[in-house]
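Hi,

Here is the model I promised to pass on. Have a look first, and then read on for my notes.

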Amino acid sequence: MFTQFLQDFIKKESAAGILLIIATVLALLLENSFMSTFYTSFLHTPVEIRFGDLQIAKPLLLWVNDGLMAVFFLVIGLEIKREVIEGHLSSLSQIALPGIAALGGMIVPALIFMAFNRGEDFSMNGWAIPTATDIAFALGILSLLGKRVPVSLKVFLMALAIIDDLGAILIIAFFYTSELSTLSITIAAISLLILFIMNRMHVAIKSAYIVVGIILWVSVLKSGVHATLAGVALAFMIPLSSKNKEGNHFSMAKEMEYDLHNWVAYMILPLFAFVNAGVDLKGISIEEMAGPVPLGIMLGLFIGKQAGVFGFSWLAIKMGLASLPKGSDWVLMYGVSVLTGIGFTMSLFVDTLAYNDTQIYHYADKLAILLGSFFSAIVGYLILYLRTGRSSLSDTEEVLEK
């Protein structure tokens, strides 16, 4: 009976979002109870791997952030590649609206954060925190409305979130990279070259890509470039179309994406949320939450994301560069725009890069992410629920046709 319940739960689109909420609440409870010492010790459990002179020694927290999240970015990279080549981002007409909306959803939140933190060099490191959208969480909230929301709007949100993730990848690569190691960068470049040659020679051995990918990850980890980018680089080298030994066509990229999806959605992301969302609420005052960094994050997510996504979408449509998703209207578009303010895992991840997990803000920066994401989720859901509750989807389509 439990097995059947688990299978039915995993099939639900909202399941990943529900697990993220559970992991976050559990982390908050542990950090703010008599279990806080155990929780902190768990995060800092030393884990070490050594091969001769090569040593990787990190606390468990960083193994999750640098290691498991590289797998997450591998899946994101595979998804981006598939969508660009043959999916919802494969033509200019398909990419126009979500691309412009995603651009606005990155620019406006960053400007709001900068407005609050101008003149503070260290604080300004967090300008990219409110620019991210949590694709699993946002789509999970939207899926709660079922068929009342047009499929075209779900596709729009998914495409926007994918482009948003690509933007986050570029931001991490260009703005959150420390001093570089020439030797490690050289090894990483050689690994990429080998992967490229394997791709062009139509090598169809999955384990070969994984082995070279691990070498790539280790070299990138040691180079000063953030290790998660190795996952993206590996994804772009995985062939979308291959032939097996029997001569039958198959897609290695799609197979890997499918194989890893459940691991990422139901294990890696909840674990990431669990180890990063443990905010010590006892040490946070209203005065600290009113500081420029927390305010910049909260307002960037809740106000900046919806203003940027909806505003840029409105301009694109009015200028004739794009059109409203079929079956939707401006109220539905606004509701989805509010949902893009759910930064959560991606914002927490960028926060760890921006401030190196320092407690200088007494966890107020992380609490700001949780609050900004929470308000975006609740308000976005209510707008969509009330709009679709007043009129059926068919009624909306008839009005638009007229």
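To start with the overall fold: what radius of gyration would a compact globule with 402 residues have, and what does the chain have? A compact globule of that length would come out near 21 Å, and the chain has 22 Å, so the two agree. Keep in mind that this is a predicted model.

**Overall picture**

The C-alpha trace spans about 70 × 60 × 55 Å along its principal axes. You'll find 17 helices and four strands in the chain. Of the 402 residues, 52% count as buried. If you take the contacts between residues at least 6 apart in sequence, 79% of them join residues at least 24 apart. The accessible surface comes to about 19,200 Å², and carbon and sulfur atoms account for 68% of that. On the charge side, there are 24 positive and 30 negative charges, and their mean positions are 8 Å apart.

**Two enclosed helices**

Helix 10 (residues 228-237) is one to look at. Nine of its 10 residues are buried, so the helix is largely enclosed by the rest of the structure. The buried ones are T228, L229, A230, G231, V232, A233, L234, A235 and M237. What covers them includes helix 4 (60-86), helix 7 (151-175), helix 8 (182-200), helix 9 (206-223) and helix 15 (344-355).

Helix 6 (residues 135-143) is another: eight of its nine residues are buried, so the rest of the structure largely encloses this helix too. Here the buried residues are I135, A136, F137, A138, G140, I141, L142 and S143.

**Charged pairs**

Side chains of opposite charge can pair when their charged atoms come close. A search of the whole structure turns up nine salt bridges, and a few deserve a closer look.

Take D164 and K305, whose closest N and O atoms are 3.2 Å apart in a salt bridge. D164 sits in helix 7 and K305 in helix 13 (residues 292-318), so this pair ties together parts that are 141 residues apart in sequence. Both D164 and K305 are buried.

D259 and K206 also meet in a salt bridge, at 3.5 Å from N to O. That pair links distant parts of the chain as well, with D259 in helix 11 (residues 252-276) and K206 in helix 9, 53 residues apart. D259 is partly exposed at 42% relative accessibility, and K206 is partly exposed at 26%.

R50 and E48 form a salt bridge too, with their closest N and O atoms 3.2 Å apart. R50 counts as partly exposed, with a relative accessible area of 48%, and E48 is partly exposed at 47%.

There is also a small cluster to check: R82, E83 and E257 are joined into one network by salt bridges that share partners.

Which side chain of opposite charge is nearest to E79, and how far away is it? It is R82, at 4.2 Å; E79 is buried yet has no salt bridge. E79 is found in helix 4. Setting aside neighbours within four places in sequence, E79 is in contact with I135, M158, I162 and E257. I135 is among the buried residues of helix 6, and E257 belongs to the salt-bridge network with R82 and E83.

**Backbone oddities**

Most residues other than glycine have a negative phi. Two residues here go the other way. H202 is not a glycine, but has a positive phi of about 60°. H202 lies in the loop between helix 8 and helix 9 and is exposed, with a relative accessible area of 61%. F344, also not a glycine, has a positive phi of about 40°. F344 is found in helix 15 and is buried, with a relative accessible area of 4%.

**One more pair for orientation**

L29 lies in helix 2 (residues 15-31) and counts as exposed at 54% relative accessibility. The C-alpha atoms of L29 and M319 are separated by 49 Å, and the two residues are 290 apart along the chain.

That's it from me. Over to you!

Cheers

Note on methods: Residues are numbered from 1 along each chain as its sequence is written. This is a predicted model: local features need pLDDT of at least 70, side-chain atom pairs count only at pLDDT 80 or more; totals for chains, interfaces and linings use all residues. Side-chain values use heavy atoms; hydrogens and water are left out. Buried means under 20% relative accessible area, exposed over 50%, partly exposed in between (1.4 Å probe, protein chains only). Helices (H or I, at least four residues) and strands (E, at least two) are DSSP runs, numbered from the N terminus. Contact means heavy atoms within 4.5 Å. The radius of gyration is taken over C-alpha atoms; the globule rule is 2.2 Å times the number of residues to the power 0.38. Accessible areas come from the Shrake-Rupley method with a 1.4 Å probe; for residues, only the protein chains shown count as cover. Lys and Arg count as positive and Asp and Glu as negative; His and the chain ends are not counted. The place of a charge is taken as NZ of Lys, CZ of Arg, CG of Asp or CD of Glu. A salt bridge is a side-chain nitrogen of Lys or Arg within 4 Å of a carboxyl oxygen of Asp or Glu.
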